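Colleague: Can you walk me through this one? I'd like short answers, please.

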Amino acid sequence: MDYLPMFARLEGRPVLLVGGGEVALRKARLLLAAGARLTLVSPEIDPEFTAFTGRFTHLVERFTPAHLTGQILVVAATDDLEVNALVYQSANQRGLFVNVVDDPKRSSFIFPSIIDRSPLMVAISSGGKAPVLVRLLRERLESLLPRHLGGLTELSGRVRDKAKRVLSSISDRRRFWERAFASNTLAGLIEKQDWQSAERWLNDGLDQAKSEVGEVVLVGAGPGDPGLLTLKALQQIQQAEVVLYDQLVSAEILDLVRRDATLVSVGKKAGAHSVPQEETNRLLVEHARAGNRVVRLKGGDPFMFGRGGEELEVLAAEGIPFSVVPGITAAAGATAYAGIPLTHRDHAQSAVFITGHCQSDGKEPDWQQLATTNQTLVVYMGLMRSEHIQQQLVSHGRRSTTPIAIIERGTTARQRVLTGTLAELAVLAQQAVSPSLIVIGEVVALRERLAWFGEKSGEKSGEQQRDNPDLDGCDLKLVQLA
């Protein structure tokens with residue numbers, strides 16, 4: 001770090017400000033807002049300083065090193081480079097922290113950009129290297145941080161000692177406060193400035209906290225690119241105490257989980273050891289019963305061939321609260337990054353999603369329906385059965401010249417797309433890495449004009465395709481979007 005971020009208590013403490021112009025006025029506002037006992041040294045001052053009459057001492061003089069006596073902090077805000085240099089050198093000789101405005105090389109401390117939700121404060125700094133970037137970040141954070149956060153902070157300070165007495169465990173206290181701060185009810189009371197009701201709500205929550213069961217949030221991690229996480233998904237994984245994740249959730253997304261959370265891999269992957277679904281269900285119940293905020297993180301969307309519904313049925317039967325945050329499916333994400341629209345007025349009026357796992361009971365899907373023209377067929381987990389899929393579609397009327405694409409590692413930096421015709425599907429599948437997404441239909445031909453991400457050719461460029469590999473058994477499932 002170029003600078004150590006600190007928050008200084010200046011209430012009633014002596015601070016020297018050298019300069020009396022517009023820049024000095026801005027610094028004076030900050031220092032006085034922090035309660036500093038301010039002395040201003042300048043032959044002349046901006047007329048707007050009259051707004052602070054009686055709150056600072058004005059010495060109508062030029063700066064000399066003697067003015068530093070008794071001060072704990074010094075700010076030079078003049079347009080005279082020689083004066084600023086003298087302030088810096090003199091303060092350094094006395095071991096005082098000094099700031100020369102807009103001159104980081106002559107500053108032992110700098111003023112960050114501040115978002116004020118007192119007593120909650122957020123400070124941002126680039127060390128003077130990118131002030132415009134800092135301003136943009138500040139504007140964005142200002143829009144994200146509600147005004148009631150200051151009141152919420154003040155209120156939590158009044159209840160904090162009781163929380164320590166009632167909840168002896170640090171994790172229990174953390175869980176209580178996280179739930180309180182996320183509560184719309186509490187936020188509404190504070191926004192109405194109903195402090196009495198808000199404090200009662202917190203105290204009632206403390207009385208119930210010891211007996212509370214945890215909760216589970218089923219979160220879709222999307223197809224691989226961390227930028228495709230929804231804002232709500234990001235919030236949930238950063239609040240989680242326990243995360244049960246698929247093997248194919250990307251490392252970049254797992255890096256977004258907070259550092260003290262417990263990570264448990266429960267995913268399934270073709271050809272690799274898998275955690276049985278029953279064990280995953282048991283772990284979800286166990287961690288939630290222990291009072292944890294649990295996130296079940298699944299690639300793609302948890303309700304698209306992800307067995308999310310089955311897991312929620314178990315939680316419902318056990319009386320454990322749950323919620324769902326949908327994710328972008330591999331079919332939507334990977335095809336978009338490959339430049340292949342799922343539907344198109346001239347080429348496909350519907351899209352059908354299937355999984356290509358074999359069937360243990362020998363039943364076959366309606367291949368006649370799947371072979372329909374003017375329809376996009378997307379096959380999840382279809383590499384191992386690509387030859388069977390190819391044969392069935394052709395024998396039921398789909399032209400062997402129908403364009404096809406195999407998208408592996410979709411939406412990631414190393415995405416690879418293999419293209420050809422339906423007659424070549426089995427051969428191309430042998431060159432692909434599992435799991436991949438197979439797209440069959442006339443829309444694939446549009447890739448030549450619409451490809452925008454990575455390479456148009458089949459050359460490698462991506463990390464493993466992410467989606468829901470939680471597909472036990474050998475059933476071929478079907479979803480249709482018309």
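**Strands, pockets and odd angles**

Modeller: Let's start with one pair: V378 has V439 as its bridge partner in β17. Keep in mind that this is a predicted model, where local features need pLDDT of at least 70, side-chain atom pairs count only at pLDDT 80 or more, and totals for chains, interfaces and linings use all residues. Residues are numbered from 1 along each chain as its sequence is written, and side-chain values use heavy atoms, with hydrogens and water left out.

Colleague: Which strand pairs with β17 over four bridges, and in which sense?

Modeller: That's β14 (residues 375-380), and the sense is antiparallel. Strands here are DSSP runs of E with at least two residues, helices are runs of H or I with at least four, and both are numbered from the N terminus. Two strands pair if DSSP finds at least two bridges between them.

Colleague: And how many bridges link β15 and β17?

Modeller: Five, between β17 and β15 (residues 403-408), again antiparallel. Take I404: its bridge partner in β17 is I440.

Colleague: Why is β17 called largely enclosed?

Modeller: Because five of the five residues of β17 (residues 436-440) are buried. Buried means under 20% relative accessible area, exposed means over 50%, and partly exposed lies in between (1.4 Å probe, protein chains only). Both faces are covered: S436, I438 and I440 are buried on one side, L437 and V439 on the other.

Colleague: New topic. What is the strand order in the open sheet with β1?

Modeller: β3-β2-β1-β4-β5, five strands with parallel pairing. β3 (56-59) and β5 (97-100) are the edges; each has a single partner strand, so one side of each has no neighbour in the sheet. Neighbouring strands there are turned by 15 degrees against each other on average, direction ignored. The axes are lines fitted to C-alpha atoms (for helices, over the stretch in contact), and angles run from 0 to 180 degrees between N-to-C directions.

Colleague: What stands opposite V15 in β4?

Modeller: L73 does. β1 (residues 14-18) and β4 (residues 73-76) run parallel, joined by four bridges.

Colleague: What order do the strands take in the open sheet with β8?

Modeller: β10-β9-β11-β8-β12, with parallel pairing. β10 (262-265) and β12 are the edge strands, each pairing on one side only. The average turn between neighbours in this sheet is 20 degrees, direction ignored. Four bridges join β8 to β12.

Colleague: Pockets next. How much space lies in the second largest pocket?

Modeller: About 1,100 Å³. There are 32 lining residues, and the closest to its centre are E178, F181, A182, Q235 and Q239. On a 1 Å grid over the protein atoms alone, a pocket is an open set of points with protein on both sides within 12 Å along at least five of seven lines; a cavity is a set where a 1.4 Å probe fits but cannot get out; lining residues have an atom within 4 Å of a point. Points are joined across faces, edges and corners, and the volume is the space filled by probe spheres set on them.

Colleague: Which helix gives the most to the lining of the second largest pocket?

Modeller: α8, with seven residues.

Colleague: You named F181. Which residue does F181 form a stacked aromatic pair with?

Modeller: W177: 5.4 Å centre to centre, 25 degrees between the planes. Rings of Phe, Tyr and Trp (its six-membered ring) pair if their centres lie within 6.5 Å; planes under 30 degrees apart are stacked, over 60 edge-to-face, and the rest tilted. Both residues sit in helix α5, four residues apart, so about one helical turn separates them. W177 is buried at 14%, while F181 is partly exposed at 43%.

Colleague: Any odd backbone angles? Where is T411, for one?

Modeller: T411 is in the loop between β15 and β16. T411 has a positive phi of about 70 degrees, though it isn't a glycine. Most residues other than glycine have a negative phi, and most peptide bonds are trans. R307 is another non-glycine with a positive phi, about 60 degrees.

Colleague: Is the peptide bond from S118 to P119 cis or trans?

Modeller: Cis, with omega near 5 degrees. P119 is in the loop between β6 (113-117) and β7 (120-124).
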